Amino acid sequence: MSETLENLSSESRVFPPPADLAERANVTASDYDAATADRLGYWAQQAHRLTWTKEWDQVLDWSNPPFAKWFVGGALNIAYNCVDRHVEAGLGDKVAIHWEGEPGDTRTITYADLLTSVSQAANALTELGIGAGDRVAIYLPMIPEAAVAMLACARIGALHSVVFGGFSVDALATRIQDADAKLVITADGGYRRGKPSALKPMVDDAVAQCPSIENVLVVRRTGQDVAWGEKDKWWHETVEQASEQHKPESFDAEHPLFILYTSGTTGKPKGILHTTGGYLTQASYTFDAVFDHKPDTDVFWCTADIGWVTGHSYIVYGPLSNGATQVMYEGTPDTPHKGRFWEIVDKYHVSLLYTAPTLIRTMMKWGEDIPAKYDLSSLRVLGSVGEPINPEAWMWYRKNVGRDRAPIVDTWWQTETGGMMISPLPGVTATKPGSAMTPLPGISADVVDDQAQSVPDGGGGFLVLREPWPSMLRTIWGDDQRFIDTYWSRFGAGAGSGDEWIYFAGDGAKKDDDGALWLLGRVDDVMLISGHNISTTEVESALVSHPSVAEAAVVGASDPTTGQAIVAFTIPRGTADIEGAAGEALIQELRNHVAKTLGPIAKPRQIMLVPELPKTRSGKIMRRLLRDVAENRSLGDVTTLQDSAVMDLISSGMQSGK
Ligand code: WT7
């Protein structure tokens, strides 16, 4: 990518915060000023939201960059902050988790119940020989035991490494080996698309390749038959029989909390390491600020899996440290019917919803009559995370889910950042559809060119973070050099120039004329068309702005004349006519539509109408695979309607990794 990224699209729609929300907002405009005046003081103030057993001596130690220490000398227990202190404050009967199983079974877990379970699990883990600093792999479906297991690890100072339940044996085994885990916590299976799916057999296969594992703790969820070996112990025969009394010990602010693997584009997965005090401070603060959480009335629901960082920070640590009531759902959005999500919002009166653009675009494809059938009037803040949200998907979310009333917070962050970094504040920010708007108070994000120079408003380039933040990753587990190379060696001191250490996020971004930030996708995905750097995101958003398109993925395919040319894979909306000549006509119309919206430079060379797109397990579009398809296909095939077999072929190559 050369100096700048073209800045093609423009958006003039603006939505000011609702007056009633703004009036009672947890965080107001003055917070930005306070954080600008004294960034570390601002974070210290946020850290005081937590209960510390020992106050820190220094907010930030950045004397050995890029290795940061936050709240140096402070001590606390994470589980105490997420559970015990709410019970001590008289909130034992408050619901922590409204759990909804996919088959429709439910569990209501209060903070007092959670304290009992976490204490029992902490005792059982100790009994199994797990101590502070040990690693525990967690491979569970979306059941309350997943949160209990994480909190029990945190309570005794063991590091959890949650592996998404949809990952393969190999993915699980590699992660166990990399972290040298001593224990795996799993289940017989979980419910997925209307049937029980097995987990235990994968664990058996993985454990056979992992001599470090001493015990396997198994939750009974589905009741299906499981093979039973020497290392296996039932959760209900150990944890649920253990003592309900457990005294939390305090740990240093920099005591490691968890490892979470994120697969880069190349090489083995990176074990992102997060620590205690700074991580909880930012997870807790951002939950309160960005969702404007009101503990007495709000019901929160984050639809992510606990196996992703979103689930770590905004199912477990953020909401629970704030004493929130939340919904946790085990299954898929279309089981047993496509209205399941809205049925859950309706049933539990969810007021704060956090979901992903991929889900919103899927809902768009299914049609607006589905959410229209439910009472969604409880919703007051809508969140988005994981990918850039196309302006039309944003508008659809606002209109059909938020009923033109609830503000949308598009939150940019990463596994590496641990918590939200760039987002509107619902009571402060006038939002633009598709923009993550501005860095949160205390965060310094910027968009720079090749030379690490800040681009002016209206320009595009690389997203960077100029100052350390509390929930930043501390390293890559076991590989400090890779940590430096991956994130700190592109710009500034880490690259051997300047004295500022600059974190390179790997995303392209632009500033609009008002300085608002627009995320443009991974820089690996940026296309170079006749010498112009064009972002896949902008072309995709232009396609999605056409009424016949629900979802689009764009890649740059090598081209003899333009270097790269734009190839688009497009999913039509349910109502669009795409048979035969109508499909051909739609393709021409879409090519012209993009040219008209963004300019002739962005006109796709080819558009394919497809029923599905290859996605990662966390719902991100895998453009890399589409690029392979785009480059190997003869020109004659490309304008014809593809059947799902084409994508099935692609999908068969994406067993693991995200
Ligand atoms: C990458 C990080 C953050 C939790 C889930 C993903 C993309 C994330 C946004 C957003 C545009 C976004 C970026 C980022 N991303 N949120 N609001 N707008 N892009 O965590 O798996 O570590 O992925 O997701 O490309 O770098 P992750």
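Reader: Where does UniProt place the domain "Acetyl-coenzyme A synthetase N-terminal"?

Author: The record, an unreviewed entry, puts this domain at residues 30–82. The model itself is predicted. Within residues 30–82 the chain is 42% helix and 28% strand, and the C-alpha atoms at the two ends are 28 Å apart.

Reader: Which residues does the annotation "AMP-binding enzyme C-terminal" cover?

Author: UniProt, again in an unreviewed entry, gives residues 538–620 for that domain. Helix accounts for 31% of the span and strand for 30%. Its end C-alpha atoms lie 16 Å apart.

Reader: How many helices and strands does the protein have?

Author: The protein has 20 helices and 30 strands. Along the principal axes, its C-alpha atoms fill a box of roughly 70 × 60 × 50 Å.

Reader: What does the radius of gyration say about the 658 residues?

Author: The value is set against what a compact globule of that length would have. For 658 residues that would be near 26 Å, and the protein has 24 Å, which agrees. Contacts add to the picture: among those with a separation of 6 or more, 71% are between residues 24 or more positions apart.

Reader: What percentage of the residues is buried, and how many residues does the largest nonpolar core have?

Author: The general idea comes before the case. Nonpolar side chains tend to be buried together in soluble globular proteins. Here, 56% of the 658 residues are buried. The largest nonpolar core has 210 residues, and I138, L151 and V184 have the most contacts inside it. Helix 6, residues 144–156, gives the most to this core, with 10 residues.

Reader: Which residues does I138 touch, beyond those up to four places away in sequence?

Author: I138 touches A146, A149, M150, H160, V162, V163 and I185.

Reader: Is strand 14 enclosed or open?

Author: A count of buried residues along the strand settles that. Six of the seven residues of strand 14, residues 256–262, are buried, so the strand is largely enclosed by the rest of the structure.

Reader: In which sense does strand 14 pair with strand 7, and in which with strand 15?

Author: Strand 7, residues 159–162, runs parallel to strand 14 and is joined to strand 14 by two bridges. One pair to look at is S161 with I259 in strand 14. Strand 15, residues 270–275, pairs with strand 14 in the antiparallel sense, over six bridges. There, T262 has K270 in strand 15 as its bridge partner.

Reader: Which residues come nearest to the ligand?

Author: There are 21 residues around the ligand, and P388, W412, Q414, T415 and L519 come nearest. Helix 11 (309–321), strand 24 (503–511) and strand 25 (517–522) are the elements that give two or more residues to this shell. Strand 24 gives the most, with three residues.

Reader: Where is the place of G318, and is G318 buried or exposed?

Author: G318 is in helix 11. To judge burial, count the C-beta neighbours inside 10 Å; G318 has 30, so G318 counts as buried.

Reader: With which residues is G318 in contact, leaving aside neighbours within four places in sequence?

Author: The contacts of G318 are A283, S284, T286, F287 and S313. A related distance is the one from G318 to T281: the two are 37 residues apart in sequence, and their C-alpha atoms are 8.8 Å apart in space.

Notes. Residues numbered from 1 in each chain as written. Predicted model: local features only at pLDDT ≥ 70, side-chain atom pairs only at ≥ 80, totals over all residues. Helix = DSSP H or I, 4+ residues; strand = E, 2+ residues; numbered from the N terminus. Rg over C-alpha atoms; globule rule 2.2 N^0.38 Å. Buried ≥ 20, exposed ≤ 12 C-beta atoms within 10 Å, placed from the backbone. Contact = placed C-beta atoms within 7 Å. Core = buried A, V, L, I, M, F, W, Y, C linked by C-beta atoms within 7 Å. Pairing = 2+ DSSP bridges. UniProt positions renumbered as here; feature names shortened; annotations may be inferred. Near = placed C-beta within 6 Å.
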